[in-house]
Amino acid sequence: MGGRVWVPVASGPLARYAAGYGSWLAARGYSRWTISHRLRQLDLLSRWLEREGLLPDELTSERVEGFLQARRAASCSTWLSVRSMALPLSYLRELGVVPAATRAVDDDPFERLLESYRRYLFDERGLTGHTVFGRYEPTARLFLAGRLAPDGPGLERLSAADVSLFLAAECPKRSISAARDVVSGLRSLLRYLHVAGQIPVALQWAVPGVADLRDRSLPRGLEPAVVKKLLASCDRRRLVGRRDYAILLVLSRLGLRAGEVAAIELDDIDWRSGELLVRGKGGMFDQLPLATDVGEAIVSYLRRRPRVQSRALFLRVLAPIGPLTGDAIGGLVKAACRRAGLPLVRSHALRHTVATEMLKQGASLPEIGQVLRHREQKTTARYAKVDRKALRPLARPWPEGGAA
């Protein structure tokens, strides 16, 4: 028998927002107990504002720290850090009730330059937040941290040799794809630094390319028995198991990339025609037929999918409930490998599996390229090496060695 949850009645200048805050939390999958707990936090913040004679629009970051200091001084045991205030402040900032968080960049040349670079990437290059924060900014931070440190050499004397030394130190630590991200991000940063007048010479030419070793090895698909073990590792009696099973089927049957799976929305599935809209790389859209077993797995998941405002198909199961990311999809595949007692593989291995299985069934390379939505034929041509049976007649006989 479920217990009753006490819901506090807020007072003070934030009292009028309490009901909406409770609904906002419920829409993100928080439990009734957590909602009650967080409404109590809002009430305490509101009462503190009332005692201090402050209005909501005066709740700056400095005032939030004052509230936290008051709780520490009173020997309270909860809500003592800025991080603990993230939920109520996020809600109030969405409403425009309290000022937006400010970044302390005015007195920090390093952060000021990064902020200017971010604006350039957004406004001039038209990049998305995922690309800026996930690929370009980490490289810029890594490169600039040593140059703009208090005892650093600065940017005035930056040379091609400095660029080479940075790449020689960083690229060997990374995979080929990660090294490409560093190289691409550094070229972009150097181009910006020259345009902005931070360096006198355009040094992007000093950034070499990363050797493409993809064609020197066979694409590594998984055997059907391995895929079967991954699918069997999902406990479909639970919501998370149904979700993971559906995702693994989408990866292994349709050959989608992890980011493409994360981008699927509820409206992207046309149940009447049995088709799935795929939001691919470079803003491209493609239609793929939805296999029957994949559709059934998705329906099984949808029967228990949380009812939230997000239109993303696959959601986190813990609050705050929201869309999964491409990285989360990759982590999900690795978790399935651990459950099944298999070596860890990346989600892209399941994409290779689709191609190699199609090749075994007699599909042509153009057909494989169409399913995988390759823009260039040379990308699909890699899979020609997988067909060992067709390649065997082309191999020349091994010459017999002469007598010593």
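Contact here means that heavy atoms lie within 4.5 Å of one another.

**Figure 1. Overview of the predicted model.** This is a predicted model, and among its contacts between residues at least 6 apart in sequence, 59% join residues at least 24 apart. The protein holds 17 helices and 3 strands, and buried residues make up 41% of its 404 residues. About 23,600 Å² of the protein is exposed, and carbon and sulfur atoms supply 53% of that area.

**Figure 2. Helix α10 and the glycine that follows it.** Helix α10 covers residues 239-254, and because each of its 16 residues should add 1.5 Å, the helix is expected to span 22 Å, which agrees with the 22 Å that separates its end C-alpha atoms. Of these 16 residues, 15 are buried, so α10 is largely enclosed by the rest of the structure. The residue that follows the helix is G255, whose phi is positive, near 70 degrees.

**Figure 3. The largest nonpolar core, seen around L256.** This core has 45 residues, and L256 and F314 are the ones with the most contacts inside it. Several elements give two or more residues to the core, namely α9 (224-232), α10, α11 (258-262), β2 (275-279), α12 (292-302), α13 (326-340) and α14 (348-360). Which element gives the largest share of this core? The largest share comes from α10, with 9 residues. When neighbours within four places in sequence are left aside, L256 is in contact with V250, L251, V261, I264, L276, V278, L288, R351 and R373. Apart from this core lies another one, of 30 residues, which includes L121, L155, L167 and A206.

**Figure 4. Two cysteines in a structure without disulfides.** A disulfide is a covalent bond between the sulfur atoms of two cysteines. How many disulfides does the structure hold? The count is 0. Two of the cysteines can be described by their accessibility: C234 has a relative accessible area of 8% and is therefore buried, and C337, at 1% relative accessibility, counts as buried as well. The cut-off behind both statements is that buried means under 20% relative accessible area.

**Figure 5. Aromatic pairs that link helices.** The aromatic pairs in the structure come to 10. In one of them, W48 and F67 meet edge-to-face, with 5.8 Å from centre to centre and 70 degrees between the planes. W48 belongs to helix α2 (residues 32-52) and F67 to helix α3 (residues 61-73), and the pair links distant parts of the chain, 19 residues apart. Both W48 and F67 are buried. F143 and F166 also form an edge-to-face pair, with 5.0 Å from centre to centre and 85 degrees between the planes. Because F143 lies in helix α6 (residues 129-148) and F166 in helix α7 (residues 160-170), this pair ties together parts that are 23 residues apart in sequence. F143 is buried, with a relative accessible area of 5%, and F166 is buried at 12%. Elsewhere, Y21, W24 and Y91 form one aromatic cluster.

**Figure 6. E137, a glutamate in helix α6.** E137 lies in helix α6. Is E137 buried or exposed? Its relative accessibility is 10%, so E137 counts as buried. Leaving aside neighbours within four places in sequence, E137 is in contact with R118 and V132.

**Figure 7. Two residues with positive phi in the loop between α3 and α4.** S75 is placed in the loop between α3 and α4, and W79 lies in the loop between α3 and α4 too. Phi of S75 is near 60 degrees, which is a positive value in a residue other than glycine, and phi of W79, likewise a residue other than glycine, is positive and near 55 degrees. Their surroundings can be set side by side: S75 is exposed, with a relative accessible area of 65%, whereas W79 is buried, with a relative accessible area of 9%.

**Figure 8. Two further loop sites, A100 and P320.** A100 is found in the loop between α4 (86-95) and α5 (109-123), and at 59% relative accessibility A100 counts as exposed. Although A100 and T60 are 40 residues apart along the chain, their C-alpha atoms are separated by 7.9 Å. P320 lies in the loop between α12 and α13, and a cis peptide bond, with omega about -5 degrees, joins A319 and P320.

Key
Residues are numbered from 1 along each chain as its sequence is written. This is a predicted model: local features need pLDDT of at least 70, side-chain atom pairs count only at pLDDT 80 or more; totals for chains, interfaces and linings use all residues. Side-chain values use heavy atoms; hydrogens and water are left out. Helices (H or I, at least four residues) and strands (E, at least two) are DSSP runs, numbered from the N terminus. The expected span of a helix is 1.5 Å times one less than its number of residues. Buried means under 20% relative accessible area, exposed over 50%, partly exposed in between (1.4 Å probe, protein chains only). A disulfide is a pair of cysteine sulfur atoms within 2.5 Å. A nonpolar core is a set of buried Ala, Val, Leu, Ile, Met, Phe, Trp, Tyr and Cys residues joined through side-chain atoms within 4.5 Å. Accessible areas come from the Shrake-Rupley method with a 1.4 Å probe; for residues, only the protein chains shown count as cover. Rings of Phe, Tyr and Trp (its six-membered ring) pair if their centres lie within 6.5 Å; planes under 30 degrees apart count as stacked, over 60 as edge-to-face and the rest as tilted.
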